[in-house]
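User: Hey, can you walk me through this one? I'd like to start with how the strands go together.

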Amino acid sequence: MALRRALLPAAVLACVAAALAAGASAQPQGQQAQVPLPNKPNTLHFAVIGDNGTGDKPQYEVGEQMLQWYSRFQFPFVVMMGDNIYGSDRPQDFVKKFETPYKGLIDKGVKFYASLGNHDSREQRYYKLYNMDGKLYYSFKAPKEDVRFFALESTYMDQDQLAWIENELKNSGEKWKIVYFHHPLYSSAGTHGSQLKLRAVLEPLFIKYDVSLVLNGHDHTYERIKPQNGILYFVEGSGGQLRKGDLRRNSPLTAFGNDTDRTFVLMEIDGDTLTWNTITGGGALIDSGTFPRRKQ
């Protein structure tokens, strides 16, 4: 499938925003059909960012867009795909590269749940605002809906961590199981691409224990992968970094890809249905859709 970079006309974007604010289920028509988030009061709302911690202007622009969308779609937490702080991670770096770009959200009580990337020091797990509780890998239950998130440390995937994630998935009673970590099991980007060794050890567990959604970063692009073995995969590695032109054209993996804009993703789970909207730092809605919970 050819890589699509559809940017919607302003009138269509306004229609989508109005529908989202009203919690409508209609699909405005434009260059591609858009699916507004249901935006129901008792469903699970959350946001996804990755490879974001540059401290540069584009990261701040994404943070401002997230805050603007929060006014219409209030998400209580954000999951982070790693490479949260590039370069030095002194106290002032956490201020410049995390606390300031997301200050509006932090001030509203939005929590950030981090996973660590290859550019992150392991000591960052002790940083209070990452909500890792000093752990390299951990899980947490979502405040609404029957959902549990599992954060992994994919730079050093050892046997202890593999045993932990299998035990966690096996004993999880939640209907939705969502796993997130830095290195993508599937990616069409030229710089890194699919991490085949990691896929070989993790994917069988995801299939066996009914994982529905996997979120990754590392490649500085946005890509929604065609479902693999009934699992939906996203690469969200352009929350601050961007590697333009890195996605391979006509990749058989790509359902939708963008390597021209920095992005974040808003997601909502309503019963057995996931809805997502992907937004650029400029405020354009470029990708959306729905996906059913995976069931054996």
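Analyst: Sure. One term to begin with: two strands pair if DSSP finds at least two bridges between them. Keep in mind that this is a predicted model.

User: OK, so which residue does Ala47 stand opposite?
Analyst: Ala47 stands opposite Leu266 in β11. Strand β1 (residues 44-49) pairs with β11 in the antiparallel sense, over five bridges.

User: And how many bridges join β11 to β12?
Analyst: Eight, and those two strands run antiparallel. Phe264 is opposite Ile279 in β12. The β11-β12 hairpin has two residues between the strands, and Gly271 there takes a positive phi near 65 degrees.

User: Is β11 largely enclosed or open?
Analyst: Largely enclosed by the rest of the structure, because seven of its eight residues (263-270) are buried.

User: Switching to aromatics. How many aromatic pairs are there?
Analyst: The count is 24. Take Phe46 and Phe77: the ring centres are 5.7 Å apart and the planes are at 5 degrees, so that pair is stacked. Phe46 is in strand β1 and Phe77 in strand β2, 31 residues apart.

User: Are those two buried or exposed?
Analyst: Phe46 counts as buried at 0% relative accessibility, and Phe77 counts as buried at 2%. Both also belong to a cluster linked by ring pairs, whose members include Tyr113, Phe140 and Tyr180.

User: Where do charges sit over rings?
Analyst: The charged end of Arg72 is over the ring of Trp69, 4.0 Å from its centre. Arg199 lies over the face of Tyr186, at 3.8 Å from the ring centre.

Definitions and conventions: Residues are numbered from 1 along each chain as its sequence is written. This is a predicted model: local features need pLDDT of at least 70, side-chain atom pairs count only at pLDDT 80 or more; totals for chains, interfaces and linings use all residues. Side-chain values use heavy atoms; hydrogens and water are left out. Buried means under 20% relative accessible area, exposed over 50%, partly exposed in between (1.4 Å probe, protein chains only). Helices (H or I, at least four residues) and strands (E, at least two) are DSSP runs, numbered from the N terminus. Rings of Phe, Tyr and Trp (its six-membered ring) pair if their centres lie within 6.5 Å; planes under 30 degrees apart count as stacked, over 60 as edge-to-face and the rest as tilted. A charge sits over a ring if NZ of Lys or CZ of Arg is within 6 Å of the ring centre and within 35 degrees of the ring normal.
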